[in-house]
Structures are given as structure tokens and as C-alpha cells.
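User: Could you take a close look at one part of this model for me, the loops and their unusual backbone spots? A little context on the whole chain would be welcome too.

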Amino acid sequence: MKNFWLNMPTEIFFGKNQIEVLGKQLKKENVKSVLLVYGKGSIKRSGLYDKIISLLAENSIKVTELPGIDPNPRISSVAKGAELCRENKIDFIIAAGAGSVIDCSKAIAAARYYNGDPWDFFIRRTSVKKALPLCAVLTLAATGSEMNGGCVLTNEKTLEKLPMGSVRLKPRFSILDPVYTFTLPKNQTIAGIADMMSHVFEQYFSYPDASLQDHMSEAVLKTVIENAPVVVAEPENYEARADIMWAGTVALNGLLELGKEGDWATHMIEHELSAKYDITHGVGLAILTPNWMKHVLDEKNCYKFAAYGRNVWNITEKDDMKAALQAIEKTSEFFKSIGLPQKLSEIGIDGSRFDEMAESALKNSRIGTFKELNKEDIVEIYRMSL
Ligand code: NZQ
Ligand code: ZN
């Protein structure tokens, strides 16, 4: 195991009606004026918006709103949010929604104190030196953004989608009430499930092995696999929604990657698809993941895929390579069984931009640590996914 530093400053309030802590938490932070960031209306339909507004009013906290954040959030929303923060002397941001809203809020928190173009954070021209504090009220189990310091934004002018992160962007606290996920349409529920599973794969299939982290990863995967069909069949099953919600947080709050060097290749090549075609992140991952697995599998690493197959899927095959191939098949079958697309062609993507996307993916960093990918590898994974 490599040396590691662990810093988990985010307080988690998990369970039914935990929204009631919002006022007290903001008072503790001495908040006077918040920016309330949200998406295109789901929080209004669910009643969460009204609840937050009334809690803020009860505590005499001034609210400025930034609604309309897109899935695959845009850098122009960040510039707008940062301006609102300066104009209205905002001292805290509430991100009420899913990953895109939380990511956009983090970028706003950083951009508030930066006078240049907020895209500079994403192309590594600057780093986060100071940020507004923020909290998340989560409505979709998927990204883990509610407990990590990362965010992923799209530059709508250049059609690039890039991540950035800082410990300064970790939420002060996050409210995770599984009831808020009852209203999710099936396509978002299953995309979230693919996303959290992919987060685990990106960390599990990486070096060096780390026994506790890897077994925890297997436990997260088993929890998701057991509960996914339940939430699909019964969207209002509280216990299953709760297991999925917490699994999504643990999948990317840093614990599973401690002492390891995550791979993240599938994410980097998916971000190209989301950037160019504006598809749902988790859907892109569900299509690419089994093909990434098949492409990188070799004699040296098949022991790890075999361990995944045996420990997560109860595969009894003794030969590592055969067990690995069965595990990959199980992964594909599982995604299909909950209703996720299997092919890029099913979601309207053809092969015309594969070269361009592979080049763009490699522009800002090397890709893959479990197995480094070059342009030909990336094009091949896209081609296998067609
Ligand atoms: O806009 P509204 O009306 O709120 O609707 C949203 C949106 O259309 C809807 N939704 C959310 N909660 C709902 C709901 N509809 C009904 N009921 C609810 N309770 O769901 C849609 C998708 O929202 P989005 O925020 O895009 O989903 P998700 O949480 O999957 O976030 C995806 C984004 O996060 C990034 C992805 O790249 C993508 O841009 N990621 C962020 C990460 C991080 N910060 O650590 C890591 C991830 O790997 C990922 O890259
Ligand atoms: Zn993801």
C-alpha cells in the first residue's frame, strides 16, 4: 500500500427528514446570505425547494437563486454563479440536487475568488486557493460529489469536459435523505447505479492491491447489485434506496482509493462522449465499462478480474482467465438486466468522431494506470462499444 493522507471534513446527515438540520447547521457557520443552486425543476416538483426556502426564512437567511443548471453542467453557469456571489455578498452555497448541481456549485465556490476565466481551473492554469463553503442536499445517488472535492464541468464553446478538485471544495455538510430519490425516473436511477459501480471499478482495478480497500469495494458492488433490481421495481422502497444512496457516497468519498492509484480511464474516455454528444454520464459508462475490461484484460492482471468474479459474482471457476471472462460477462448482463443500453449505436452515436475524441482525451493527461491507454487503445474501446 502506498502512503496516504485522509481528510474527510464533510459531515453527513443521513436519513428521513434530515433536512431539518439545515437551519441549525447554517447558523453554526454564521451564514447570512446563501446562493441556492438547483437544476431544471425536480426540486420544485418534489417539494424540496419549498422546504429549503421556508427553513431559510425561519432562520432569517437571505437567498439568491441560481436555477436551471444543466446535466453535464456548463462553465457559463459557473461564471454567472460567481458573479451572483460577488454582487450579493454570498457567504455560503447550497447545492440542492444531483451531481451536476453540486459540481457546478463547487466550481462557483472556487470561481468566486478568482478574477480570471473559471475554465482556468480545469485546464490547470490555476488551482483553488480559496473557496466559499458549501453544502449539498442530494437527490440522486450516483456521483459521490456530496462527500468529495471533485467537480466535472463542460466548456460548451470547445466541447471539452474536464475534472478538477480540491480539498477546499469538499462540502461542509451534506444531507442525504433517500426519500428524495423516490421521484427519480428509471433512466436516472440506473445511470446512477452504473456510475457508482464504475467509480468502484476505477479504484479496484488499480495498483497496488490493498486488501481492506479492495474488499470494501467488493462489498459496495455487492450492495449495489443486490439493491439495484429492487429500486427499479419499487422506486419507493426506502431500505433499498438508502442502501444505494450510501453505496454511491462510499464509492467515491476517498476511502476505496486510499494507498492506491486509481485508473479512471473509462471515466476520461466517457467524458468525451458526454462532452460531444451530451449523453448521460452513467449511460456512457455502462456501455464502455465491459469493453474497457475486455480490452485491458491480460495474463498479468486476470487475477484481479477473477477475484472480482469470485468475490462479487460467486464464480467458482478455478482458472483465473476463464473466471475473469465470466466476471466481465456478468457485468454486461447485469447492466442489461436493469435496463441500461449496451451499445453506442443505441443512443445515436456513430464512429465518425472516435479519432477526434481519443486525441482530445489524451490532450490534458495520460490515461489509465492499471493499463495505460494510447490513442489506438481508446479508439478500439469506442469501436468495441459501437
Ligand atoms: O435538473 P433537475 O430538474 O433537477 O433534474 C435532474 C437532471 O435532469 C434529474 N434529477 C435529479 N434528482 C432528481 C431528478 N429527477 C427527479 N427526481 C429527483 N430526485 O436527474 C437529471 C440528471 O442530473 P445530474 O445532476 O446530471 O445527474 P448525476 O448526479 O448523475 O450527475 C452527473 C454529473 O456528475 C459528473 C458527471 O460527469 C456528470 O456531469 N460527475 C461528478 C463526479 C464528482 N463530482 O465526483 C464524479 C462522477 O464520475 C461524474 O463524472
Ligand atoms: Zn462517474
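Analyst: Happy to help; here is a walk from the whole chain into its loops, with a stop at the cysteines.

A word on the ground rules: this is a predicted model, where local features need pLDDT of at least 70, side-chain atom pairs count only at pLDDT 80 or more, and totals for chains, interfaces and linings use all residues. Residues are numbered from 1 along each chain as its sequence is written, chains are lettered from A and ligands numbered from 1 in the order in which they are written, and side-chain values use heavy atoms, with hydrogens and water left out.

The chain holds 14 helices and eight strands; these are DSSP runs numbered from the N terminus, with helices being H or I of at least four residues and strands E of at least two. For 386 residues, a compact globule would have a radius of gyration near 21 Å, and the 20 Å of the chain agrees with that; the radius is taken over C-alpha atoms, and the globule rule is 2.2 Å times the number of residues to the power 0.38. Along the principal axes, the C-alpha atoms fill a box of roughly 65 × 45 × 45 Å. Of the 386 residues, 58% are buried, where buried means under 20% relative accessible area, exposed over 50% and partly exposed in between, with a 1.4 Å probe and protein chains only. Among contacts (heavy atoms within 4.5 Å) between residues at least 6 apart in sequence, 77% join residues at least 24 apart.

Now to the loops. Gln18 sits between strand 1 (11-14) and helix 1 (22-28). With a relative accessible area of 21%, Gln18 is partly exposed. Leaving aside neighbours within four places in sequence, Gln18 touches Phe13, Ile175 and Asp177. Val137 is 119 residues from Gln18 in sequence, yet their C-alpha atoms are 9.7 Å apart in space.

Further along, the loop between helix 6 (186-204) and helix 7 (211-233) contains Pro208. The peptide bond leading into Pro208 from Tyr207 is cis, with omega near -10°.

Two loop residues that are not glycines have a positive phi. Trp264, with phi of about 65°, lies in the loop between helix 8 (238-251) and helix 9 (265-277). Its relative accessibility is 18%, so Trp264 counts as buried. Asn314, with phi of about 55°, belongs to the loop between helix 11 (302-313) and helix 12. At 55% relative accessibility, Asn314 counts as exposed.

Helix 12 itself (residues 320-337) carries Ser332, which is buried at a relative accessible area of 13%. Beyond its neighbours within four places in sequence, Ser332 is in contact with Pro290 and Gln342.

Finally, the cysteines. A disulfide is taken here as a pair of cysteine sulfur atoms within 2.5 Å, and by this rule the count is zero. Cys151 is in no disulfide, and the nearest cysteine sulfur, that of Cys104, is 8.8 Å away. Cys151 is buried, with a relative accessible area of 1%. Cys302 is also buried, with a relative accessible area of 4%.
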